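Trainee: I have just opened this structure and would like to learn how its descriptions are reached. Could you walk me through it?

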Amino acid sequence: MTVAIADKQALDQSEQAVPLDEEEIRRARAVRIEKIGRWVLPVIILTLSVYWWDRLCVWNEIAHYILPRPGLVFHTLVEDWGILSTALGNTLKITFGALAFATFGGLGLAVLFTQSKWIEISFFPYAVILQVTPVIAIAPLILIYVDSVAAGLLICAWIVAFFPILSNTTLGLNSADHNLQSLFRLYGASRWQTLRYLRLPAAMPYFLGGLKIAGGLSLIGAIVAEFVAGTAGSGSGLANQILESSYRLNMPRMFAALTLISATGILIFLTTNLLSYLLLRKWHESALKREA
Amino acid sequence: MTAMVQNNMLNTPAESSAIVSLNGICKTFSNGTVALDDLSLDIREGEFVSLLGPSGCGKSTALRIITNLVSPTSGRVEWPQETGKQKDHELSFVFQEPTLMPWTTVFGNVWLPLRLKGVSKKAASDRVMEALQMVGLEQFAQSYPRELSGGMKMRVSIARALITRPKILLMDEPFAALDEITRFKLNNDLLHLWETFGWTVVFVTHSVFESVYLSNRIVVMAARPGRVVNDMAIDAPYPRDENFRTSSVYSGFCRDVSKALHAAMGAGDHL
């Protein structure tokens, strides 16, 4: 035990004793500074922006029904939390529901497409048509045809979100190493084994890339669909809060709703990023840390 | 060790029977390229055969036809020793690239051939470790391919090929992408494994020196169309080591093989 400690001390000393050249010291310092700056700088910029926003309102005597002060927005957020949290809950339901359907739908369709070239050739054009038609243009139709408003919103958000997952995963499933595919054939792998052990793992980085895009798009899809649906009452989401606030010139509440939408988007982004990092950190280039 | 070596020295090509026969193999690709024209070749049990030739001579295609990854336009591949259909597990293939799955560990990569046959991780564990021991990588079972050097990745690839205990090992320029020092080391290790286990090796290369060092038989091929132009025995005893690499016997063989290769290239069009 003592020996081990002595060894460790010796090691520490030797580590310190190794003379680093100027360049390496500078590089190490730059890395340390960057690590701190990565967090501190955005926070400083954000604080300054909010401060300037507040000062602009005060100096120019801008009315709160045109541009509310940040303090008032925060106050409204707390005050109207009852209404806003219900709206937030409804929007989140649509967003995550659409994202879940987009994930399974996109993944399932991609697997189906790579199992048969003929299925892909037959149906891929329809996926493209769904993607290139602006959702805001078909949303009214969908909302007329579908009885339940929630289901209609879900379909709209799904249409926007599923394509990146479908197209990325299809690309990924088809980009498994050619020699590995030969190897699997040589060892008599079944279609299912090739999918399970080769194609799906190879497609993982592509799928996660698609998921990152789809996460943001499902929120956008949900908000756009809510705008079109324009429902009031128990099922209404954050978009309706914005619409309603604009009719009543209730700018503080509009800003509060906007803040919640942005926060949701940021949260989705961070979650998908974290998921991607956790799944790829052991092997994929994008998640590896390298020496300069 | 000596017993095994002597056994191998006695195991001269002429005495063994063919493990695989290629009879009049022709291969024309759909773009019109004639990769192989009437290739006939008997590969005998226990042989270390190199297929040597310029690029485009169809040596890799020949290897893939043996594995059944590519089917010949005409001609037949026969496995005289086997009754019924050719068994998959009796041949293994090593590619020019290590061709490892980056998302799984060294263990997972070597386990793959057995996994595809339905052998569980636990049941395969001993054989995976045994295969890794053969290539000297048993401490790296839990490493990911990205953590290994080029030579180590190639060793993993070889371990994966060996885990099925193949009768015949097909290698498609396996060391071409490695630096010379690593290549020499892997040459020696491969020879040692071959002497110990006595499989049949078919080794595709475009290096005269590598083929002479490793093989007891060199099949020289010419391009456009791909065909065999020379079949040479390298009658130098095993074990071969670095002394052999600098011996006059070795350089003599290299000279002969180079001449044959030049003749082969003269016979076709020049590169």
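Mentor: Gladly. This is a predicted model. Let us begin with α3(B): its buried residues pack against α9 (191-229) of chain A, and also against α4 (121-134) and α5 (150-162) of chain B.

Trainee: What makes helix α3 (residues 106-116) of chain B mostly covered?

Mentor: A residue is buried if 20 or more other C-beta atoms lie within 10 Å of its own. In α3(B), eight of the 11 residues are buried, so the helix is described as mostly covered.

Trainee: Which residues of α3(B) are buried?

Mentor: They are V106(B), N109(B), V110(B), W111(B), L112(B), P113(B), L114(B) and L116(B). For chain B as a whole, buried residues make up 40% of its 271 residues. Just after α3(B) comes G118(B), with a positive phi of about 85°.

Trainee: How many residues does each chain bring to the contact between chain A and chain B?

Mentor: Chain B gives 14 residues and chain A gives 14 residues. On the side of chain B that touches chain A, nine are nonpolar, two are polar and three are charged.

Trainee: What helices and strands does chain B have, and how are the strands in its open sheet ordered?

Mentor: Chain B has nine helices and nine strands. Three strands form an open sheet in the order β2-β1-β4 (chain B), and their pairing is antiparallel.

Trainee: Why are β2 (34-44) and β4 (74-78) of chain B called edge strands?

Mentor: Each of these two strands pairs on one side only. On average, neighbouring strands of this sheet are turned by 10° against each other, direction ignored.

Trainee: How do you know that strand β1 (residues 18-28) of chain B pairs with β4(B)?

Mentor: Pairing requires at least two bridges between the strands. Four bridges join β1(B) to β4(B), so the two strands count as paired, and they run antiparallel. Across from R76(B) in β4(B) stands N23(B).

Trainee: Now to chain A. Why is α9(A) called oblique to α10(A)?

Mentor: α9(A) and helix α10 (residues 238-247) of chain A pack at an angle of about 50°, with axes 8 Å apart. Angles under 35 degrees would be roughly parallel, and 65 to 115 roughly perpendicular. The angle of about 50° belongs to neither range, so α9(A) is oblique to α10(A). The crossing of the two is right-handed.

Trainee: Which residues make that contact?

Mentor: From α9(A) come I223(A), E226(A) and F227(A), while α10(A) offers L238(A), A239(A), N240(A) and L243(A). By class, five are nonpolar, one is polar and one is charged.

Trainee: What makes α5(A) and α7(A) oblique to each other?

Mentor: Helix α5 (residues 117-132) of chain A and helix α7 (residues 149-174) of chain A pack at an angle of about 135°, and their axes are 9 Å apart. Roughly perpendicular covers 65 to 115 degrees, and roughly antiparallel needs over 145. An angle of about 135° fits neither, so α5(A) and α7(A) are oblique. Their crossing is left-handed.

Trainee: Which residues of α5(A) and α7(A) meet there?

Mentor: A127(A), L130(A) and Q131(A) of α5(A) meet I159(A), F163(A) and L166(A) of α7(A). This contact has five nonpolar residues, one polar and no charged.

Definitions and conventions: Residues are numbered from 1 along each chain as its sequence is written. Chains are lettered from A and ligands numbered from 1 in the order in which they are written. This is a predicted model: local features need pLDDT of at least 70, side-chain atom pairs count only at pLDDT 80 or more; totals for chains, interfaces and linings use all residues. Two residues are in contact if their C-beta atoms, placed from the backbone, lie within 7 Å. Ala, Val, Leu, Ile, Met, Phe, Trp, Tyr, Cys and Pro count as nonpolar, Asp, Glu, Lys and Arg as charged, and the others, Gly among them, as polar. A residue is buried if 20 or more other C-beta atoms lie within 10 Å of its own, exposed if 12 or fewer, and partly exposed in between; C-beta atoms are placed from the backbone. Axes are lines fitted to C-alpha atoms, for helices over the stretch in contact, and angles run from 0 to 180 degrees between N-to-C directions. A crossing is left-handed if the near helix is turned anticlockwise from the far one by less than a right angle, and right-handed if clockwise.
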